[in-house]
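Please open the structure in your viewer and keep the selection panel at hand. The tour below goes from one selection to the next and says what is found at each stop.

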Amino acid sequence: MALVKIAPSILTADFGRLAEEVRAAELGGADMLHLDVMDGRFVPNITFGAVVVDALRKVTRLPFDIHLMCVEPERLIEQYAETADTINVHIEVSPHINRTLDTIRRMGKRAGVCINPGTPIGAIEESFPDLDQVMVMTINPGWGGQQMIPAQLEKVARIRRLLDAGGFPAEIEIDGGVKAGNIAQCVRAGANVVVCGSSVYNPAKPVAENIAELRRAAG
Ligand code: DX5
Ligand code: ZN
């Protein structure tokens, strides 16, 4: 089985030194960078948008995994045409998901759908053929540093079984509460990509050390 990819989220990084923090992840061996765009409507917080993502594009070669926690995400997609590798939209605010995923793919980007803990798998099943990845939220989105909701790993395993049974190549990304202590379980459940926010950016240890520890623990 392919090694899991580690996608640090900058949400708990030092925003006053963002370029440095991003470079630290790249030097530390991150596989991609997870960028949490929050609009203050779908989730209470507001983080950053395309202007900041454009600036970060100039300081790293890491692929960008854009997580749009925004209502009407289809209106924002084009702003990431130059910078994103993957654009992920939430199913809960995407009534026209087929068209939205099609738009993302026509832009030459990988298309992902995010699913909240309370949303049933059935809401995304029809989209399996159109997806490059499914992002399973193992927390309720909005903040970094929350505890993983363990039952969501069972949901990951169910999605993995459905994708495999249908022959769909979509990857599974887990977002929320991933730590060295549970990353192996995420991989066992069927994740190919793990978002690591506070387990990478925290005051306890340097970024590179945290990434190395996560990779070791992933097995
Ligand atoms: C929260 C974001 C996550 C967040 C994860 O809504 O989607 O990407 O940064 O942070 P941790 O890894 O600390 O749970
Ligand atoms: Zn995220």
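Which residues lie nearest the centre of the largest pocket, and how many residues line that pocket? Bear in mind, before selecting anything, that this is a predicted model.

Begin by selecting Val37, Met38, Asp39, Cys70 and Leu76, which lie nearest the centre of the largest pocket, and then extend the selection to the lining, which comprises 15 residues. The volume of this pocket is about 160 Å³. If you colour its lining by class, you will find nine nonpolar, two polar and four charged residues.

Next, turn from the pocket to the enclosed space. A search of the whole structure finds one cavity of 30 Å³ or more, and the largest cavity holds about 200 Å³ of space. Its lining consists of 24 residues, and those to select for its centre are Ile139, Trp143, Gly144, Asp175 and Gly176, which are the closest to it. Strands E2 and E3 are the elements that each give two or more residues to this lining. Coloured by class, the lining of the cavity divides into nine nonpolar, twelve polar and three charged residues.

Now display ligand 1, since the space that ligand 1 takes is this largest cavity. Select the residues that surround ligand 1, of which there are 21, with Ser9, Gly145, Asp175, Gly177 and Ser198 as the closest. Asp175 therefore deserves a label of its own at this stop, being among the residues closest to ligand 1 and also among those closest to the centre of the largest cavity. 

To see how the shell is built, show the strands as ribbons: E2 (33–38), E3 (64–69) and E8 (193–196) each supply at least two residues of the shell around ligand 1. The largest share comes from E2, with three residues. By class, this shell has nine nonpolar, ten polar and two charged residues.

Finally, zoom in on the oxygen atoms of ligand 1 and draw three distances. A polar side-chain atom of His67 lies 3.2 Å from an oxygen atom of the ligand. For Gly145, a backbone N or O atom lies 2.8 Å from an oxygen atom of ligand 1, and a backbone N or O atom of Gly197 likewise lies 2.8 Å from an oxygen atom of ligand 1. How much of ligand 1 does the protein bury? Taken alone, ligand 1 exposes 380 Å², and the protein buries 99% of that.

Note on methods
Residues are numbered from 1 along each chain as its sequence is written. Chains are lettered from A and ligands numbered from 1 in the order in which they are written. This is a predicted model: local features need pLDDT of at least 70, side-chain atom pairs count only at pLDDT 80 or more; totals for chains, interfaces and linings use all residues. Side-chain values use heavy atoms; hydrogens and water are left out. A residue is near a molecule or strand if one of its heavy atoms lies within 4 Å of it. A polar contact is a pair of N or O atoms within 3.5 Å; within protein, one must be able to donate a hydrogen and the other to accept it, and residues adjacent in sequence count only if both atoms are side-chain atoms. Accessible areas come from the Shrake-Rupley method with a 1.4 Å probe; for residues, only the protein chains shown count as cover. On a 1 Å grid over the protein atoms alone, a cavity is a set of points where a 1.4 Å probe fits but cannot get out, and a pocket is an open set with protein on both sides within 12 Å along at least five of seven lines; lining residues have an atom within 4 Å of a point. A molecule sits in a cavity or pocket if more than half of its atoms lie within 2 Å of its grid points. Helices (H or I, at least four residues) and strands (E, at least two) are DSSP runs, numbered from the N terminus. Ala, Val, Leu, Ile, Met, Phe, Trp, Tyr, Cys and Pro count as nonpolar, Asp, Glu, Lys and Arg as charged, and the others, Gly among them, as polar. Grid points are joined across faces, edges and corners, and a volume is the space filled by probe spheres set on the points.
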